[in-house]
Amino acid sequence: MIELEGLTKRYGEKVAVNNLTFTVRPGIVTGFLGPNGAGKSTTMRMMLGLDRPTAGDVRIDGQHYDRLKDPLTYIGALLDAKAMHGGRSAFNHLLCLAQSNGIPTSRVHEVLETVGLTSVARKKAKGFSLGMGQRLGIAGALLGDPRILMFDEPVNGLDPEGIHWIRNLMKSLAAQGRTVFVSSHLMSEMALTADHLVVIGQGRLLADTSMADFIAQNSRAYVRIRTPQRERLLDVLHGAGITVVEAGEALEVDGSKSERIGELAAQHQLVLHELSPQRASLEEAFMQLTAESVEYHAHSDAPLEQPEPWGDGWRKD
Ligand code: ADP
Ligand code: MG
């Protein structure tokens with residue numbers, strides 16, 4: 001379990017992490033979602049004692065990171081995979097880590113096997129592809145067999161096979177009862193992996209919710225209809241007590257009523273060019289949620305430039 005209480009980090013004028021309070025629980029994958037610059041990495045560094053909070057507190061199983069005895073056996077983290085590319089072989093990299101933390105060599109072989117690097121264990125890590133480097137970083141995180149695992153944007157730059165592998169690994173670690181905390185700036189990624197969501201924007205907490213609730217609240221089901229007999233269809237639907245919203249050339253009806261609408265159209269011999277059940281995307285819901293936080297901080301200043309959703313535009317204050 002990881003508990004944050006009013007966690008805050010300032011860099012000069014900049015408030016990178018603003019009064020975050022939430023708990024990361026065991027047995028599930030918790031997604032930590034926010035646009036670039038939202039404060040995810042800063043939060044994770046503070047969890048690991050790599051950055052000192054300006055205010056507030058973060059506890060790992062009830063203790064501060066620097067008070068943990070053998071921290072690698074409590075929490076394993078993948079922060080920046082590129083940081084560990086080096087002249088050492090994968091095996092030696094992990095062996096050093098193991099020896100300086102009182103972990104037996106047998107465990108090095110185990111984690112190499114888990115991440116699928118056994119066959120390249122004697123190769124120098126600096127020759128590794130991004131995906132292999134990521135696997136090596138994960139092997140390091142798993143080394144102490146910790147109950148808590150933390151991954152900062154682990155799928156960035158990976159190929160589909162690597163992404164699939166990491167997703168399954170995170171789920172199986174959670175299924176073993178571990179606490180799994182993983183950051184991403186992509187809602188689509190979280191939707192496939194996380195059971196619980198913590199969303200931040202501009203360092204502030206925007207949502208702390210189960211993935212199922214987030215989906216239920218944010219992915220509105222509706223039916224899209226196109227017809228050359230618009231007025232007549234509107235009459236028929238209104239007559240049946242169905243509320244219709246006009247959306248450009250199409251009509252939209254809330255809920256999942258496509259069968260009912262199709263039957264009504266047939267009864268009245270109306271032609272339909274489209275009758276399609278739809279769901280608003282989670283990505284849209286996430287963009288809306290975080291865009292509001294950006295606007296909240298931006299108004300009254302010079303006119304806001306249209307920020308690129310995940311580009312540097314989000315970093316402007
Ligand atoms: P994320 O990981 O969500 O993309 P970060 O935690 O990296 O966000 O950054 C949050 C904000 O804090 C950004 O505006 C970033 O520029 C700023 N920041 C992060 N680290 C530092 C630092 N060492 N010095 C100054 N500003 C920083
Ligand atoms: Mg980051």
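**Exercise 1. Work out what share of the protein's contacts between residues at least 6 apart in sequence join residues at least 24 apart.**

Step 1. Keep in mind that this is a predicted model. Contact here means heavy atoms within 4.5 Å.

Step 2. Take the contacts between residues at least 6 apart in sequence; 70% of them join residues at least 24 apart.

Step 3. Set that beside the secondary structure: the protein has 10 helices and 13 strands.

**Exercise 2. Describe the overall dimensions, burial and charge of the protein.**

Step 1. Start with the box. Along the principal axes, the C-alpha atoms fill roughly 80 × 50 × 35 Å.

Step 2. Now the burial: of the 317 residues, 46% are buried.

Step 3. For the surface, about 15,800 Å² is exposed, and carbon and sulfur atoms supply 49% of that.

Step 4. Finish with charge. Count 33 positive and 38 negative side chains, with the centres of the two sets 7 Å apart.

**Exercise 3. Find which residues surround ligand 1 and which are closest.**

Step 1. The shell holds 13 residues, and the closest are G37, G39, K40, S41 and T42.

Step 2. Go through the backbone atoms. A polar backbone atom of G37 sits 2.7 Å from an oxygen atom of ligand 1. For A38, the distance from a polar backbone atom to a ligand oxygen is 3.2 Å. G39 brings a backbone N or O atom to 2.9 Å from an oxygen of ligand 1.

Step 3. Check the cover: on its own, ligand 1 has 560 Å² of accessible area, and the protein covers 69% of it.

Step 4. Assign the shell to elements. Those giving two or more residues are β2 (14–24) and α1 (40–47). The biggest giver is α1, with 4 residues.

**Exercise 4. Decide whether α1 is mostly covered or mostly open, and list its buried residues.**

Step 1. Count: 6 of the 8 residues in α1 are buried, so the helix is mostly covered by the under 20% cut-off.

Step 2. Name them: K40, T42, T43, M44, M46 and M47.

Step 3. Look just past the end of the helix, where G49 takes a positive phi of about 70°.

**Exercise 5. Place T8 in the fold and say what it touches.**

Step 1. T8 belongs to strand β1, residues 2–11.

Step 2. Is T8 buried or exposed? Its relative accessibility is 11%, and the cut-off for buried is under 20%, so T8 counts as buried.

Step 3. List the contacts, skipping neighbours within four places in sequence: V15, V17, N18, N19, M46, P53, T54 and A55. One of these, M46, is also among the buried residues of α1.

Step 4. Look at the polar side: the side chain of T8 reaches the backbone nitrogen of N19 at 3.0 Å.

Step 5. Try a distance as well. T8 and D66 are 58 residues apart along the chain, and their C-alpha atoms are separated by 18 Å.

**Exercise 6. Do the same for S276: element, burial and partners.**

Step 1. S276 is found in strand β13, which spans residues 274–279.

Step 2. The relative accessible area of S276 is 15%, which is under 20%, so this serine is buried.

Step 3. Trace the side-chain polar contacts. S276 pairs with E274 at 2.7 Å, and with Q278 at 3.0 Å.

Step 4. Beyond residues up to four places away in sequence, S276 touches Y222, V223 and R224.

Notes:
Residues numbered from 1 in each chain as written. Chains lettered and ligands numbered in written order. Heavy atoms only, no water. Buried < 20%, exposed > 50% of the residue type's maximum accessible area, 1.4 Å probe, protein only. Areas by Shrake-Rupley, 256 points an atom, 1.4 Å probe, with all protein chains shown as cover. Lys, Arg positive; Asp, Glu negative; His and termini not counted. Charge placed at Lys NZ, Arg CZ, Asp CG, Glu CD. Near = heavy atom within 4 Å. Polar contact = N/O pair within 3.5 Å; in protein donor to acceptor, adjacent residues only side chain to side chain.
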